[in-house]
Amino acid sequence: MQPGDLFVLRTAGNTIEGGFGGLLGSAEYAIAVLKTKLIVVTGHTLCGAVTATVKAVKANEGMPPDNMGVVLDNIRAAAEMSVKTLSGAPLEKQLKLATKLNIFEAMQKMMRH
């Protein structure tokens, strides 16, 4: 890689599942082999995965029993905290907070593993 090149890793809902392989393995490759010096964790407004999770939490519904459910389950803690913290707020504000909390959770998972 040359200075200025990007090694981009994207997942639905900005999730990092478990501690092995997948996104974490790819990030380790970027650091160890490509000598990446900076990792940027981002999120975006109107994320479909965050929206689906917040709506499920508000409706007290479970996550789908498939791979999509695994992705949404990784967002559940951020969604629950957002709905609890902003219980009387409009959905838009809950989504904004859930998105931020989900980014922080992703950063913490990367640092732990």
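A residue counts as buried under 20% relative accessible area, as exposed over 50%, and as partly exposed in between. These terms recur throughout the tour of this predicted model.

**The whole chain**

Begin with the entire protein in a cartoon view. Its secondary structure amounts to five helices and zero strands, so that the order of elements from the N terminus reads α-α-α-α-α. The C-alpha trace extends about 50 × 25 × 20 Å along its principal axes. Of the 113 residues in the protein, 31% are buried.

Next, display the surface. The protein exposes about 7600 Å², and 59% of that area is supplied by carbon and sulfur atoms. Should contacts be drawn as well, consider those between residues at least 6 apart in sequence: 58% of them join residues at least 24 apart. Colouring by charge brings out 12 positive and 9 negative side chains, with the centres of the two sets 8 Å apart.

**First stop: asparagine 60 and leucine 46**

Select asparagine 60, which is located in the loop between H2 and H3. Is asparagine 60 buried or exposed? Its relative accessibility is 72%, and because this lies over 50%, asparagine 60 counts as exposed. Its backbone also merits inspection: phi is near 60°, a positive value in a residue other than glycine.

Now move to leucine 46, in the loop between H1 and H2. Leucine 46, although not a glycine, has a positive phi of about 60°. With a relative accessible area of 75%, leucine 46 is exposed.

**Second stop: a nonpolar patch**

Select Met1, Phe7, Leu9, Tyr29 and Val33 together and show their surface. These residues make a nonpolar surface patch of about 450 Å². Within this group, centre the view on phenylalanine 7, which belongs to the segment before helix H1 (22-32). The relative accessible area of phenylalanine 7 is 34%, and the residue is therefore partly exposed.

**Third stop: the salt bridges**

How many salt bridges does a search of the whole structure find? The search finds three. Two of them can be visited by selecting arginine 76 and showing its side chain together with those of aspartate 73 and glutamate 80.

Arginine 76 forms one salt bridge with aspartate 73, where the closest N and O atoms are 3.5 Å apart. Another joins arginine 76 to glutamate 80, with a closest N and O separation of 3.3 Å. Asp73, Arg76 and Glu80 are thus linked in a network of salt bridges. Along the backbone, arginine 76 and glutamate 80 both lie in helix H4 (residues 76-85), four residues apart, or about one turn of the helix.

The accessibility of these three residues can be examined in the same view. Arginine 76 has a relative accessible area of 19%; because this is under 20%, arginine 76 is buried. Aspartate 73, at 44% relative accessibility, counts as partly exposed. Glutamate 80 is also partly exposed, with a relative accessible area of 39%.

For a further salt bridge, select arginine 112 and glutamate 105, whose closest N and O atoms are 3.7 Å apart. Arginine 112 counts as exposed at 54% relative accessibility, whereas glutamate 105, at 25%, counts as partly exposed.

**Last stop: methionine 63**

Finally, select methionine 63 in the loop between helix H2 (48-58) and helix H3 (67-73). At 16% relative accessibility, methionine 63 counts as buried.

Which residues are in contact with methionine 63, leaving aside its neighbours within four places in sequence? They are Thr53, Ala56, Gly69, Leu72, Asp73 and Arg76. Two members of this list, Asp73 and Arg76, also belong to the salt-bridge network of the previous stop.

To place methionine 63 relative to arginine 76, draw a line between their C-alpha atoms: the two residues are 13 apart in sequence and 8.9 Å apart in space. With both side chains on display, the view brings together buried methionine 63 and buried arginine 76.

How values were computed
Residues are numbered from 1 along each chain as its sequence is written. This is a predicted model: local features need pLDDT of at least 70, side-chain atom pairs count only at pLDDT 80 or more; totals for chains, interfaces and linings use all residues. Side-chain values use heavy atoms; hydrogens and water are left out. Patches are made of residues with over 30% relative accessible area and no salt bridge: like charges are joined within 9 Å, nonpolar side chains (Val, Leu, Ile, Met, Phe, Trp, Tyr) within 5 Å. Accessible areas come from the Shrake-Rupley method with a 1.4 Å probe; for residues, only the protein chains shown count as cover. A salt bridge is a side-chain nitrogen of Lys or Arg within 4 Å of a carboxyl oxygen of Asp or Glu. Helices (H or I, at least four residues) and strands (E, at least two) are DSSP runs, numbered from the N terminus. Buried means under 20% relative accessible area, exposed over 50%, partly exposed in between (1.4 Å probe, protein chains only). Contact means heavy atoms within 4.5 Å. Lys and Arg count as positive and Asp and Glu as negative; His and the chain ends are not counted. The place of a charge is taken as NZ of Lys, CZ of Arg, CG of Asp or CD of Glu.
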